[in-house]
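Here are a few exercises to work through with the model open beside you. Try each one yourself before reading the solution.

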Amino acid sequence: MAGFPGIGTLLPILLSEGVNKNRINLTQLVELTSTNAAKIFGMFPQKGALQKIQMPISH
C-alpha cells in the first residue's frame with residue numbers, strides 16, 4: 001500500500017482491535033482512514049465515503 005509509512009499495518013490493526021472488538025464501528029473506521037483525508041484534499045464526497053450498492057443476484 002502506498003501513502004504514508006505504516007498504513008500497511010494500520011488498517012489490519014484498526015480492523016482487528018477496533019472493529020472486531022466493537023471499539024469502533026465500520027463507519028468510524030472509514031472516517032479515520034478515508035473521509036478525513038478526502039476532506040483535507042478537497043475530494044469529499046467523490047472519494048472517502050461508504051456507499052450502499054445493490055448487487056445483482058445470479059442464479
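**Exercise 1.** How many aromatic pairs does a search of the whole structure find?

*Solution.* Keep in mind that this is a predicted model. To count as a pair, two ring centres must lie within 6.5 Å of each other. The search of the whole structure turns up zero such pairs. An aromatic ring can still have a charge as its partner: the charged end of Lys39 sits over the ring of Phe44, 5.0 Å from the ring centre.

**Exercise 2.** Take stock of the fold: how many helices and how many strands does the protein have?

*Solution.* Start with the secondary structure: there are two helices and zero strands. Helix α1 covers residues 7–19, and α2 covers 26–40. Next, look at burial, where the cut-off is under 20% relative accessible area. Of the 59 residues, 17% count as buried. Finally, turn to the surface: the protein exposes about 5,200 Å², and 60% of that comes from carbon and sulfur atoms.

**Exercise 3.** Find the salt bridges and work out which residues they join into one network.

*Solution.* Step one is the count: the structure holds two salt bridges. Step two is the partners. Lys21 pairs with Glu17, with 3.0 Å between the closest N and O atoms. Arg23 also forms a salt bridge with Glu17, at 3.6 Å from N to O. Both distances fit the requirement of a side-chain nitrogen within 4 Å of a carboxyl oxygen. Step three is accessibility. Glu17 is partly exposed because its relative accessibility is 33%. Lys21, with a relative accessible area of 46%, is partly exposed too, while Arg23 reaches 58% and so counts as exposed. Now put the pieces together: through shared partners, the salt bridges link Glu17, Lys21 and Arg23 into one network.

**Exercise 4.** Follow Val19: which residues is Val19 in contact with, leaving aside its neighbours within four places in sequence?

*Solution.* First place the residue: Val19 belongs to helix α1. With those neighbours set aside, its contacts are Leu14, Ile24, Asn25, Leu26 and Leu29. Now pick out Leu29, which is ten residues from Val19 along the chain. The C-alpha atoms of these two residues are 7.6 Å apart.

**Exercise 5.** Examine the backbone: which residue has a positive phi although it is not a glycine, and which peptide bond is cis?

*Solution.* Take the phi angle first. Asn22 has a positive phi of about 55°. Asn22 lies in the loop between α1 and α2, and this residue is exposed because its relative accessibility is 70%, over the 50% cut-off. Then check omega: the bond from Phe44 to Pro45 is cis, with omega near 10°. Pro45 is located in the segment after α2.

**Exercise 6.** Look for nonpolar surface: which residues make a nonpolar patch of about 370 Å²?

*Solution.* The patch is made by Ile40, Phe41 and Met43. Take Met43 as the one to check: Met43 sits in the segment after α2. Patch members need over 30% relative accessible area. Met43 has 40%, so this residue is partly exposed.

Technical notes. Residues numbered from 1 in each chain as written. Predicted model: local features only at pLDDT ≥ 70, side-chain atom pairs only at ≥ 80, totals over all residues. Heavy atoms only, no water. Patch = residues over 30% accessible without salt bridge, like charges linked within 9 Å, V, L, I, M, F, W, Y side chains within 5 Å. Areas by Shrake-Rupley, 256 points an atom, 1.4 Å probe, with all protein chains shown as cover. Helix = DSSP H or I, 4+ residues; strand = E, 2+ residues; numbered from the N terminus. Buried < 20%, exposed > 50% of the residue type's maximum accessible area, 1.4 Å probe, protein only. Phe/Tyr/Trp six-rings, centres within 6.5 Å; stacked < 30°, edge-to-face > 60°. Lys NZ or Arg CZ within 6 Å of the ring centre and 35° of its normal. Contact = heavy atoms within 4.5 Å.
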